[in-house]
Amino acid sequence: MKKKITQDTNMKTALLCGGMVIIGVGVGLLINTTKQVPTTKNGDEVVAKVDGKKFTANDLYQELKKQNGQGVLVSQIDNFITEKETDDEDKKEANDYADGYIENLKAQYESYKESFPDALAKAGFSSEEAFKKEVSKQHLTSIVAEGYVKENNFKDNDIKKYYNDSIEGSMVVRYILIQPKTKEGMTPDETSAAEKEALKEANEVLAKLKKDGDFAELAKKHSDDATTASEGGLYSGFTKNEVVEEFWKAATALKDGKYTTEPVQSSYGYFIIKRVKQNEKPSLKDSKEDILDALLKKATAEDTNVLAKAWVNIRKKYNLNIVDTDIKNNYENVVKGYQAVVPAQTK
């Protein structure tokens, strides 16, 4: 029922794009291999032959440098910096994130009746473990960039303003969720009929409440949210950023012990909410990390280049000096492109 704070992505596209990283890895393996390979007269390693033509490691390097040389180099640099900037706790978070990401991705492929291992192979990954390492690595680079933005992009006044305007005490409620019984492939008319049926059921539950029905027992019997239904619909300690707007607005409008007299419609379905209590507003100190998370979310929604710009500054902090002229020019052109403010697309 909670909203995800992290940005939604098309996981199938992300998987296929992930294969691009293999180019950089492959270059390193070709150049640094210790196997005995043929060489030209000047000592350059031969990586392939066709019809008498020799293709050398230097040929490959020069071509890859033109195609994505700065990207591969920056990836290596960022990995080096990330190793210095992160600790065991960060790595555990990244590992857990990768596990969850892959499980969701598998479920998506399964729903399309497509082979996840085949998709990995097509993307250039030798195994699921190799893919997991790449996802974990990318998440670690995000942790570093997000930390930089939180530390450098928001002033004390920004934090205090958000605290005064937006921070409220956490809420305790009970709720019943009635979800429309929709499925993929339904026609608009079928979807509309399912919505109407869900609304009808929600109103029937409300009618039972008005006849002195027990809210907790009705939640156990009717709620489609298995996580809270077994607890009589109890949901404790949530804040504004953790639920959809309609849910928070309805809960804060109630008095303690009262429930909504109409079903609350949301993207999840229809909620019937009973307010238990709202806790006192936490201190600024205790709220700071949540505020920074919210400000970061807002910043990335307003400009998708925020984290990329952060990495430009992080590399400067580490005294980045690109010696190769071609790669340096390409890198500088990419950095210039980050100056444009690109708002996140809304669904």
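## Surface patch

A nonpolar surface patch is made of residues with over 30% relative accessible area and no salt bridge, its side chains being joined within 5 Å. In this predicted model, Val 47, Val 50 and Phe 55 form such a patch, and together they present about 230 Å² of accessible area. Val 47 belongs to strand S1, which spans residues 46–50. Its relative accessibility is 37%, so Val 47 counts as partly exposed.

## Overall composition

The protein contains 14 helices and 6 strands. Of its 347 residues, 35% are buried. The exposed area of the protein is about 21800 Å², and carbon and sulfur atoms supply 50% of that area.

Contacts were also classified by separation in sequence. Among those between residues at least 6 apart, 72% join residues at least 24 apart.

## Packing of helices H6 and H13

Two packed helices are described by the angle between their axes and the distance between the axes. Helix H6 covers residues 128–152 and helix H13 covers residues 306–317; their axes come within 9 Å and cross at roughly 85 degrees. H6 is therefore roughly perpendicular to H13, because angles of 65 to 115 degrees fall in that class.

On the H6 side, the residues in contact are Thr 141, Val 144, Ala 145, Glu 146, Tyr 148 and Val 149. They meet Val 306, Leu 307, Ala 310, Trp 311, Asn 313 and Ile 314 of H13.

## Salt bridges within helices

The structure holds 18 salt bridges. One of them joins the side chains of Asp 96 and Lys 92, with an N to O distance of 2.8 Å. Both residues lie in helix H4 (residues 88–111), where a spacing of 4 residues corresponds to about one turn of the helix. Asp 96 is partly exposed at 39% relative accessibility, whereas Lys 92, at 54%, counts as exposed.

Helix H6 holds a further pair: Glu 134 forms a salt bridge with Lys 137, and their closest N and O atoms are 3.1 Å apart. Because these residues are 3 positions apart in H6, about one helical turn separates Glu 134 from Lys 137. Glu 134 is buried, with 10% relative accessibility, while Lys 137 is partly exposed at 23%.

## Asp 303 and a salt-bridge network

Asp 303 forms a salt bridge with Lys 309, the closest N and O atoms being 2.7 Å apart. At 7% relative accessibility Asp 303 is buried, and at 22% Lys 309 is partly exposed. Elsewhere, Lys 65, Asp 324 and Asp 326 are joined into one network by salt bridges that share partners.

Notes:
Residues numbered from 1 in each chain as written. Predicted model: local features only at pLDDT ≥ 70, side-chain atom pairs only at ≥ 80, totals over all residues. Heavy atoms only, no water. Patch = residues over 30% accessible without salt bridge, like charges linked within 9 Å, V, L, I, M, F, W, Y side chains within 5 Å. Areas by Shrake-Rupley, 256 points an atom, 1.4 Å probe, with all protein chains shown as cover. Salt bridge = Lys/Arg side-chain N within 4 Å of Asp/Glu carboxyl O. Helix = DSSP H or I, 4+ residues; strand = E, 2+ residues; numbered from the N terminus. Buried < 20%, exposed > 50% of the residue type's maximum accessible area, 1.4 Å probe, protein only. Axes fitted to C-alpha atoms, helices over the stretch in contact; angles between N-to-C directions. Parallel < 35°, antiparallel > 145°, perpendicular 65-115°, else oblique. Contact = heavy atoms within 4.5 Å.
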